[in-house]
Amino acid sequence: MLFLFLASGQLLFGQYDILIINGKIYDGTGNSWYYGDIAVSGGRIQRIGKLTNASAKDTINAKGLAVAPGFIDVHGHIETGIFSQPTADNYIYDGVTTVITGNCGGSESDIGDFFRRVDSLKPSINVASLVGHNTVRNAVMQRENRAPRPEELQAMEKLVDQAMKAGAVGLSTGLIYIPGAYAKTEEVVALARVAGYDNGVYASHIRNEESQAAEAVTEAINIGIEAGIPVQISHFKVSGKANWGNSRQTLDLVKAARSNGYDVTIDQYPYTASSTNLGVRLPDWAFAGGNDSFMARLKDPGTRARIKKEMLQQLADYKYKNYSYAVVANYSADTGYNGKSITEINALKGRKKNRNEEAETILDMMAGGGAQMIYHGMDEGDVKYIMGYPFCMVGADAGVPVPGKGMPHPRAYGSNARVLGKYVREEKVMSLEEAIRRMTSLAARKFHLRNRGLLQEGFAADIVIFDPVTVSDHSVYVQPHQFSSGFTWGSW
Ligand SMILES: [Zn+2]
């Protein structure tokens, strides 16, 4: 077969690799769909339009289906999972072709080496990474609960700089996690500034998503202003019953920053439960100095009582009567706890039904190595209100689960399908064009992923074909290992 390419890479005559015909093209800009064909060769989109005489090795008839750019998930944690599941089926069946990992302050420490290993793996998805503040701080200062000395700050700056030079897309923080929680704003500003020199983004799991969410959003915005770097606020939410409805106030802060000329955007997973570790229920200081110090604090009756007092204060602040909103996703020391709430586990242990005893149960589980949790702490009204914001992207906040293993949050399987099915088709929170724009070009623009996120000639052939009439998520909390449906042809 003879191939002749023009300078643009366009095929002059001959055969394309793939032709997608008769589809409704949603190009990722947010503009209205149109009917057209797409010709792909060499992993690139060569032509779009009515391609009546074109031929290809593979032709896909997308009649009645939507053809869109592959979705870009801006908030992932796939460092380990991708190596055991390189096909990343949970993402592929949800329409995702690119994942940005290294979020919430946690990334691989050698980003260049990580990219080389991912490349040699030839995974089904494209992978970009942020460099994590917690990773960098841990490398330099371990779990010290104090400000860095000048030479320590310099060492951290150097690590961020190296990661950016190796291709990181920005700096992430997880300011509720250890040791990130020990950092003051100035430290983060200094490191974000370094990431900003190389066109990076500052992506933050902010310091508080509950009663102090407004202060934490303000801190993230100010870090961006002072460091001169665009800001992405991760998994935007307000948690804790007492704070429901406050998304109006916190989102107003984002809108105000934008109207003042600061590039601040957000992302979200479309669920009312969050997922993180059990340790976030304890005060930060309990973990200072590392695991031995933590275990010693648990054994000391006075210190244990102080920890418990702060835990119960947090519970009261959120207006919860007990820990029934906290459900175990995975407790390695006893997987029999998986799927049960702290209240249920406390009862299983034969303990009295009260929050004081439940806090004891949590401390016992922390001594047993801690657990991955699902917290049912958000309001559907807030979730929808945040989703209505035009500069909100989708980030599943997930890894690559091993099918059937553990109890991951359903967001790992169904985030995009849920937005398209439940929120676009059924509840009409936004148009399909708009949802696709958020999942594609908005994300590519924000994280500087060039030549992706749009169906445009010359762009990477990250293409997803799906049925907007049937696309649905099926993963639920009690049975999470269910793929989304509707993505008939997957992606390339
Ligand atoms: Zn996070």
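**Exercise 1. Determine how helix α5 passes helix α6, and describe the contact between them in this predicted model.**

Solution. Begin with the sense of the crossing: in this predicted model, α5 passes α6 in a right-handed crossing. Next, take the geometry of the pair, in which helix α5 (residues 150–165) and helix α6 (residues 185–197) pack at an angle of about 30°, with their axes 9 Å apart. Because of this angle, α5 is roughly parallel to α6, given that angles under 35 degrees are counted in that class. Then list the residues that meet: α5 contributes Leu 153, Met 156, Glu 157, Val 160, Asp 161 and Met 164, while α6 contributes Glu 187, Ala 190, Leu 191, Val 194 and Ala 195. Sorted by class, the contact of α5 with α6 has eight nonpolar, no polar and three charged residues.

**Exercise 2. Work out the relative direction of helices α7 and α8, and state which residues bring them into contact.**

Solution. The first step is again the packing geometry, since helix α7 (residues 213–227) and helix α8 (residues 247–259) pack at an angle of about 20°, with their axes 9 Å apart. That angle makes α7 roughly parallel to α8, and α7 passes α8 in a right-handed crossing. The second step is to identify the contacting residues, which on the α7 side are Ala 213, Ala 214, Val 217, Thr 218 and Ile 221, and on the α8 side Gln 249, Thr 250, Leu 253, Val 254 and Ala 257. By class, the contact of α7 with α8 has seven nonpolar, three polar and no charged residues.

**Exercise 3. Identify the donors of the zinc ion, place its two histidines in the chain, and examine the backbone of His 235.**

Solution. Start with the coordinating atoms, which are SG of Cys 104, ND1 of His 205 and NE2 of His 235, at 2.1 to 2.2 Å from the zinc ion. Along the sequence, these donor residues follow the spacing C-x100-H-x29-H. The histidine pair links distant parts of the chain, with His 205 in strand β11 (residues 201–205) and His 235 in the loop between β12 (231–233) and α8, 30 residues apart. Both histidines, His 205 and His 235, are buried; for His 235 the assignment follows because its relative accessibility is 2%, where buried means under 20%. Finally, turn to the backbone, where His 235 has a positive phi of about 25° although it is not a glycine.

**Exercise 4. Find where His 448 and Pro 179 lie, and describe the backbone feature recorded at each.**

Solution. Consider His 448 to begin with: this residue is placed in the loop between α16 (441–446) and β18 (463–466), and its phi is positive, about 55°, although it is not a glycine. With a relative accessible area of 26%, His 448 is partly exposed. Pro 179, in turn, is found in the loop between β10 (170–174) and α6, and the peptide bond leading to it from Ile 178 is cis, with omega near 5°.

**Exercise 5. Decide whether Arg 437 is buried or exposed, and name its contacts beyond its sequence neighbours.**

Solution. Locate the residue before judging its surroundings: Arg 437 is found in helix α15 (residues 432–439). Because its relative accessibility is 14%, Arg 437 counts as buried. Once its neighbours within four places in sequence are set aside, Arg 437 is in contact with Gly 28, Thr 29, Gly 30, Pro 390 and Leu 442.

Notes. Residues numbered from 1 in each chain as written. Predicted model: local features only at pLDDT ≥ 70, side-chain atom pairs only at ≥ 80, totals over all residues. Heavy atoms only, no water. Axes fitted to C-alpha atoms, helices over the stretch in contact; angles between N-to-C directions. Helix = DSSP H or I, 4+ residues; strand = E, 2+ residues; numbered from the N terminus. Parallel < 35°, antiparallel > 145°, perpendicular 65-115°, else oblique. Left-handed = near helix turned anticlockwise from the far one by under 90°. Contact = heavy atoms within 4.5 Å. Nonpolar A, V, L, I, M, F, W, Y, C, P; charged D, E, K, R; others polar. Donors = N, O, S within 2.8 Å, 3.2 Å for Na, K, Ca; no water. Buried < 20%, exposed > 50% of the residue type's maximum accessible area, 1.4 Å probe, protein only.
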